[in-house]
Structures are given as structure tokens and as C-alpha cells.
Amino acid sequence: MSNDSPLRDPHLEADRCVYTAPLPGDEMERLFADIAAVTIDAQPSMLDRLQQRSTTARVLMGVALGVVLSGVFTAAHGLRTDLSGDAGLRMLVALLGLAALGISAVMLSLRGLHKRSLGWASWLLIGVMLLAPAGLSSLPEFWPGQTSSARPMPWESGCFWFGGTVASLTGAGVLLLQRSRHMAIWRVLSAAAAGGCAGFITQQLFCPSGDTWHILTTHGLLGLVVGALLLLVSTPLRQRARTRA
């Protein structure tokens with residue numbers, strides 16, 4: 001048997017010396033400078049600062065975004081004038097309930113990472129938040145306004161695009177306030193539900209239509225549409241975060 005062990009191979013010894021040798025002083029300084037540039041010396045952006053705020057502050061910012069967007073679009077189109085009487089009061093009560101659902105959706109989406117997961121309860125809440133506008137929209141003669149026998153597609157109405165803008169910006173804003181790089185699906189759908197409630201409320205405040213078809217297809221499905229869009233946009237981000245992990 002040969003006494004030459006592969007562990008004593010001179011080529012391996014040479015490689016070991018190369019890889020275990022300390023870096024030269026200038027390379028070490030350059031390495032520490034590169035590390036410092038992305039850690040202690042890094043200048044956080046405005047978005048980074050917002051994401052580092054407390055959960056309560058971020059929830060308030062998410063809610064405020066929806067309120068401001070809704071107010072701007074409602075003021076631009078003018079508040080509808082048929083909100084008096086029992087039908088108007090019924091509509092306002094329903095919208096207050098949807099506003100409470102929207103706030104709850106923001107709170108769920110921005111729930112602290114240190115808190116225990118709600119499990120199946122979170123999915124139940126998301127289902128209620130996403131489907132509540134559609135459910136209320138399908139109630140015949142529930143909403144005040146003009147009826148019509150026409151059945152136009154939702155995208156043929158400017159109402160859909162105005163409400164969709166409020167819903168999309170609100171949902172996207174809530175997502176931008178997230179701290180986690182790994183965007184869980186339930187957080188995305190919660191943000192979409194918040195956007196859907198904000199868009200629905202905005203549309204009901206300025207749109208004079210009381211037609212069930214219009215309210216259901218143009219107003220009530222915004223949360224589901226925004227949910228699909230946000231999932232489509234966030235999927236590459238979630239895949240990238242999973243790859244890095």
C-alpha cells in the first residue's frame with residue numbers, strides 16, 4: 001500500500017493555504033466598507049421609514065389613505081343628492097358597516113409578524129370582507145337610485161374605473177406598508193378586501209344608480225378584481241423572497 005495519502009496531496013495543501021490565508025489589508029477594508037454601505041451606513045428611504053413605524057401607526061396610515069382617496073373622488077364627482085329618507089339611511093348604515101370591515105381588513109393585513117397566526121379564522125374573515133360588498137349589492141331594491149333594464153359590462157362604465165382606482169391604490173398602499181419581504185397570500189387578499197370596501201363606498205357615495213346589475217358587477221366585485229391583480233403583481237416578489245430564503 002502506498003504511503004502517499006490524498007490528504008497530503010501538495011495541490012490540496014496549496015489550495016488550503018490560498019483559501020485560509022487572511023485577506024490583504026486593502027481588500028479587508030474594501031470588504032468592511034461594502035458591508036457598512038448596506039448596514040450601518042445605509043440611508044433608509046421614506047418607504048423604509050414608514051414600514052418601520054408601529055403597527056398602529058401603519059394601520060392608521062392605511063385607513064387614512066383609503067379615506068383620502070375616497071374623499072377626493074367623491075368630491076370630484078359630487079355627493080349624490082338622494083340620500084334622504086329611509087333608503088338613504090339604510091345605505092349609510094350599510095356603508096358604515098363596510099367601512100368597519102375595511103378597517104378590519106387593514107388591521108388583518110398589517111398584523112404584527114410576532115403575533116400568532118389566526119389560521120383558518122383569517123381565511124374566514126377574508127372571505128367575509130371580500131364577499132360582503134357583492135352580497136349587499138345583490139339585494140334587490142336595497143340601494144336607492146335609478147333602475148335600468150340595460151345590462152352593460154362593468155368596464156363600459158366610468159364608475160368602474162374610478163372605483164377601481166380607489167380600490168387598487170388603497171390595496172397597493174396597504175401592501176407597501178408591509179414589513180415582511182415574504183408576502184403571504186392572506187395579507188395580499190386582506191389588503192385587496194380593504195381596497196374593495198373603499199372603492200365600493202366611494203362609488204355608492206357619488207353613483208346615482210340603484211340598478212342591481214350595475215351595483216353588483218361594477219361596485220360589488222371590486223375587491224375580487226383587485227385581489228387578482230395584487231396576487232398577480234406580488235407573485236414574483238413572493239417567489240424571489242422564497243428563493244433568497
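**Close-ups of helix packing and nonpolar cores**

**View 1. Helices α5 and α6 cross with a left-handed twist.** This is a predicted model, and the close-up takes in α5 (residues 85–109) and α6 (residues 120–137). Their axes come within 10 Å and cross at roughly 150°. With angles over 145 degrees counted as roughly antiparallel, that makes α5 roughly antiparallel to α6.

**View 2. Here are the residues where α5 meets α6.** On the α5 side, look for Ala94, Leu98, Leu101, Ser104, Ala105 and Leu108. Facing them from α6 are Ser122, Leu125, Ile126, Val128, Met129, Ala132, Pro133 and Leu136. Sorted by type, the contact has 12 nonpolar residues, 2 polar ones and no charged ones.

**View 3. The largest nonpolar core has 25 residues.** Val106, Leu110, Ile126, Leu175 and Leu230 are the ones with the most contacts inside this core. At least two core residues come from each of α5, α6, α7 (158–176), α8 (185–206) and α10 (222–244). Helix α8 gives the largest share, at 7 residues.

**View 4. Zooming in on Leu230 shows what it touches.** Leaving aside residues up to four places away in sequence, Leu230 is in contact with Gly171, Ala172, Leu175, Val188 and Ala192. Leu175 is also, like Leu230, among the residues with the most contacts inside the largest core.

**View 5. There is a second core, separate from the one above.** This one has 12 residues, including Leu83, Ala94, Leu98 and Ile215. Ala94 and Leu98 have already turned up in View 2, on the α5 side of the contact with α6.

Key. Residues numbered from 1 in each chain as written. Predicted model: local features only at pLDDT ≥ 70, side-chain atom pairs only at ≥ 80, totals over all residues. Heavy atoms only, no water. Axes fitted to C-alpha atoms, helices over the stretch in contact; angles between N-to-C directions. Helix = DSSP H or I, 4+ residues; strand = E, 2+ residues; numbered from the N terminus. Parallel < 35°, antiparallel > 145°, perpendicular 65-115°, else oblique. Left-handed = near helix turned anticlockwise from the far one by under 90°. Contact = heavy atoms within 4.5 Å. Nonpolar A, V, L, I, M, F, W, Y, C, P; charged D, E, K, R; others polar. Core = buried A, V, L, I, M, F, W, Y, C linked by side-chain atoms within 4.5 Å. Buried < 20%, exposed > 50% of the residue type's maximum accessible area, 1.4 Å probe, protein only.
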